[in-house]
Amino acid sequence: MNPFALIGRSTMNLLAHIGRLSVFTGTALAAIVAPPIYWKMIGQQIMRIGYFSLPVVGLTAFFTGGALALQIFLGGNRFGTEAVVPQIVVLGITRELGPVIAGLMVAGRVAAAIAAEIGTMKVTEQIDALTTLATNPIKYLVVPRLIAAVLCMPILVAIADSIGVFGGYVVATQSMGFSGGTYLKNTVDFATQADIVSGLIKAGVFGFIIALMGCYHGFNSRGGAQGVGSATTSAVVSSSILILAANYLLTSLLFSQ
Amino acid sequence: MTPKIQLIGVKKRFGSKVVLDGVDLTIEPRSSLVIIGGSGTGKSVTIKSILGIIRPDEGTILVDGEDITHIKGAARDRVMKKFGMLFQGAALFDSIPVWENVAFGLIQGRGMKRSQARDIAMQKLAKVGLTADVGELFPVELSGGMQKRVGLARAIAADPEIIFFDEPTTGLDPIMADVINDLIASTVKDVGATALSITHDMASARKISDRIAMLYGGKIIWQGPTADIDKSGNPYVDQFINGRAEGPIKMAVKA
Ligand SMILES: Nc1ncnc2c1ncn2[C@@H]1O[C@H](COP(=O)(O)OP(=O)(O)O)[C@@H](O)[C@H]1O
Ligand SMILES: [Mg+2]
C-alpha cells in the first residue's frame with residue numbers, strides 16, 4: 001500500500017473527526033442555554049457521575065497521598081523532611097495529582113458508562129425515537145450529563161484533595177514518626193487558595209471532557225454490539241488523553257506568571 | 001386537496017452508495033400507504049428522511065403543504081408533534097417502565113402532568129390489548145410481540161395526524177403478526193390518521209394498506225391501489241409479491 005495514501009487517509013479521517021466533534025460540541029453548548037431544562041435527568045446524572053464515583057476516587061486519592069509522602073520521605077532524607085513532606089504532599093495533590101487521578105478514574109468509570117448507554121440507545125433506534133416524541137436528544141441526553149459532570153468533578157476533587165492529604169498524614173504519622181499536629185500545621189500554612197482553586201478549575205474542565213467524549217462516541221457508534229464496544233473504548237482512551245493534554249495546558253496557563 | 005405528505009425528487013447517498021435516487025411520492029390525507037421493497041433498498045431511510053432523522057442530499061419534503069426539508073429547532077419540534085412512529089425494533093426506552101414509555105411524548109414533548117399522562121398511557125395500552133399491570137413492567141421483561149404493542153401504544157399516545165410503521169410484523173410469529181396488522185388497521189381508522197408503513201411482508205401490506213408503492217433502485221417504480229397489486233403488469237412487482245428468485249430483480253448473494 002502506498003504510504004502517502006495511508007498518511008493522506010489518516011489525516012482526512014482525523015480532520016473529519018475534529019470537524020464532527022466541533023459541530024457536536026457547538027450543538028451541545030447551544031442546547032445548554034435553550035429551554036427546556038431536564039432537572040430530573042440532571043439530578044439522576046449527579047448521582048451516577050458524582051455520588052457513585054466517590055469510593056473509587058477516595059481510595060485512589062488515599063493511596064496516592066500515602067505513596068507521595070513515602071517517596072518524599074525516602075528520597076528527601078537529607079533535608080528537613082518534617083516540613084517538606086506535608087508541603088510537597090499538599091502541593092502535589094491539590095495542583096496535579098488530585099484532579100488528574102480523579103479525572104482518569106472518572107474517565108474510566110463514567111465516560112465508558114455514558115458511551116455504552118448512549119451507544120446502545122443509538123443502535124437500537126432509541127435516539128431516533130426521542131426525536132419522534134418531540135424531544136431533542138442532545139438536550140435530553142447530552143446536556144444533563146455535561147452539567148452533572150462539570151458540577152461533580154470539582155466536588156469530587158475537593159474530596160480527593162482532602163483524602164489525599166489525609167493519606168499522606170496517615171503514612172507520615174504512622175510509619176515516619178511525624179507529629180500529627182505539626183504535619184497539619186505545615187499543610188495548612190503552606191497551601192494557598194490558588195493551589196486549591198487551580199485544581200478545581202482543572203476538575204471542571206476534565207468533567208466537561210469526560211461527559212463530552214462519552215456522549216460523542218456514544219452518538220457516533222454504528223452497527224450493533226461491536227460498535228458500542230469500540231465506542232466505549234474510544235471514549236475512555238480519548239478522554240484520558242485529552243485530560244492529560246488539557247492538564248498540561250492548564251498548568252502552563254494557570255501557573256505562568 | 002393538499003396532500004398530507006409529498007416527497008419530490010428526494011436523493012440520499014452514504015459515501016459512494018446511492019440509496020435514494022429521486023423518490024417521488026404523494027400521500028393523501030387519511031389514506032394508508034405501504035412501501036414494499038427488498039431489504040436494504042432504503043425504505044427506512046425514506047421514513048427517516050421525512051422525520052428529519054436523516055438529512056436528504058437533494059429534493060423537497062412537504063407536510064400539509066409546508067416545506068419541512070430544512071427546518072430545525074422549535075419549528076421541527078412543532079412539526080414532529082404531528083407524527084407518531086413505530087420502530088422496526090420497537091426502540092422502547094429500557095431505563096423507564098412501560099407506561100412511561102407510552103407517556104413519554106406527552107410528558108417530555110408536551111409538558112403534560114405525569115398523573116394525567118399516566119391515565120392516557122393506560123388507556124392506550126388497553127387499546128392495544130395490554131393490561132394495566134404490564135404498564136409497571138420494564139421493556140426487557142416483555143416478549144417481542146408485546147414490545148411491538150407497547151411501541152404501537154407509544155406511537156398513538158398523542159393522537160398523531162400521521163403514523164409511520166417500520167416493518168411492524170418482522171420477527172413475529174404469523175399469528176402475532178396478524179394481531180398487530182389488525183391493531184394497526186383499527187387504530188389508524190380510530191385515530192383518523194394518515195399512515196405510511198414499510199414492509200416486505202405481503203400479507204401485512206395487503207391487510208393494512210389502501211395503496212402500495214414499490215421502492216427499487218432508489219426510485220418508486222410502481223404505485224397503485226392495493227386491489228391492483230396483482231395486475232400491476234410490472235415484472236419487478238410481480239417477482240416481489242410472488243417471492244420468486246427468478247426475475248428482473250437480481251439479489252446480491254454476497255453483500
Ligand atoms: N446512517 C447510515 N449510515 C450509512 N449507511 C446507512 C445509514 N442508514 C442506512 N444506511 C444504508 O442504506 C441502505 C438502506 O437502508 P434501509 O433504509 O435501512 O433499508 P431497508 O429498506 O431495509 O429499510 C442500507 O444499505 C444501509 O446500510
Ligand atoms: Mg428498514
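**Close-up 1. What packs over helix 4 of chain B in this predicted model**. Helix 3 and helix 5 (144–156) of chain B are among the elements that cover the buried residues of helix 4. Those buried residues are B:Ala117, B:Ile120, B:Ala121, B:Met122, B:Lys124 and B:Leu125. Several of them recur at short intervals along the chain, and here a bit of helix geometry helps: an α-helix has 3.6 residues a turn, so residues three or four places apart point the same way. Helix 4 itself runs over residues 114–127, 14 residues in total, and spans 20 Å from its first C-alpha to its last, close to the 20 Å expected at 1.5 Å a residue. Just past the helix comes B:Gly129, with a positive phi near 80 degrees.

**Close-up 2. Two salt bridges that involve helix 4 of chain B**. Start with B:Arg114 and B:Glu100, whose closest N and O atoms sit 3.4 Å apart. B:Arg114 belongs to helix 4 and B:Glu100 to helix 3, so this pair ties together parts that are 14 residues apart in sequence. B:Arg114 is partly exposed at 37% relative accessibility, while B:Glu100 counts as buried at 13%. Now look at B:Asp159 and B:Lys124, which form a salt bridge with closest N and O atoms 2.8 Å apart. B:Lys124 is in helix 4 and B:Asp159 in the loop between helix 5 and strand 7, so here the parts tied together are 35 residues apart in sequence. Is B:Lys124 buried or exposed? At 7% relative accessibility, B:Lys124 counts as buried, because the cut-off for that is under 20%.

**Close-up 3. Two non-glycine residues with positive phi in chain B**. B:Asp159, the salt-bridge partner of B:Lys124, has a positive phi of about 45 degrees although it is not a glycine. Its loop runs between helix 5 and strand 7 (162–166), and B:Asp159 is partly exposed there, with a relative accessible area of 48%. B:Ala91 also has a positive phi, about 50 degrees, without being a glycine. You'll find B:Ala91 in the loop between strand 6 and helix 3, and with a relative accessible area of 2% it is buried.

**Close-up 4. B:Lys4 and its surroundings**. B:Lys4 sits in the segment before strand 1 (5–14) of chain B. Despite its charged side chain, B:Lys4 is buried, with a relative accessible area of 10%. Leaving out residues up to four places away in sequence, B:Lys4 touches a good list of others, including B:Ile27, B:Pro29, B:Leu62, B:Val63 and B:Thr194. B:Glu28 is on that list too; its C-alpha is 5.3 Å from that of B:Lys4, although the two are 24 residues apart in sequence.

Which residue pairs with B:Lys4 in a salt bridge, with closest N and O atoms 2.8 Å apart? That partner is B:Glu161. B:Glu161 lies in the loop between helix 5 and strand 7, so the pair ties together parts that are 157 residues apart in sequence. B:Glu161 is partly exposed, at 36% relative accessibility. The pair belongs to a network of salt bridges that links B:Lys4, B:Asp64, B:Lys82 and B:Glu161. Over all chains, the count comes to 21 salt bridges.

**Close-up 5. B:Asn181 in helix 6 of chain B**. Helix 6 covers residues 174–191. B:Asn181 is buried, with a relative accessible area of just 3%. Beyond its neighbours within four places in sequence, B:Asn181 is in contact with B:Thr169, B:Ser204, B:Lys207 and B:Ile208.

**Close-up 6. Where chain B meets chain A**. Here 22 residues of chain B are in contact with 15 residues of chain A. The two chains bury about 1600 Å² between them, 59% of it on carbon and sulfur atoms. On the chain B side, B:Phe93, B:Phe104 and B:Gln108 lose the most area to chain A, together 28% of what that side buries. There are two salt bridges between the chains, and one of them joins B:Lys48 to A:Asp128, with closest N and O atoms 3.5 Å apart. Three residue pairs across the interface are in polar contact. Helix 2 (73–80), strand 6 (83–86) and helix 3 (98–109) of chain B each supply at least two residues of this side. Helix 3 gives the most, with five residues. By type, the chain B side divides into 10 nonpolar, five polar and seven charged residues.

**Close-up 7. A cis peptide bond in chain A**. A:Pro35 and A:Pro36 are joined by a cis peptide bond, with omega about -5 degrees. A:Pro36 lies in the loop between helix 1 (3–33) and helix 2 (39–50) of chain A.

Conventions: Residues are numbered from 1 along each chain as its sequence is written. Chains are lettered from A and ligands numbered from 1 in the order in which they are written. This is a predicted model: local features need pLDDT of at least 70, side-chain atom pairs count only at pLDDT 80 or more; totals for chains, interfaces and linings use all residues. Side-chain values use heavy atoms; hydrogens and water are left out. Contact means heavy atoms within 4.5 Å. Buried area is the accessible area (1.4 Å probe) that two parts lose on being put together, summed over both. A salt bridge is a side-chain nitrogen of Lys or Arg within 4 Å of a carboxyl oxygen of Asp or Glu. A polar contact is a pair of N or O atoms within 3.5 Å; within protein, one must be able to donate a hydrogen and the other to accept it, and residues adjacent in sequence count only if both atoms are side-chain atoms. Helices (H or I, at least four residues) and strands (E, at least two) are DSSP runs, numbered from the N terminus. Buried means under 20% relative accessible area, exposed over 50%, partly exposed in between (1.4 Å probe, protein chains only). The expected span of a helix is 1.5 Å times one less than its number of residues.
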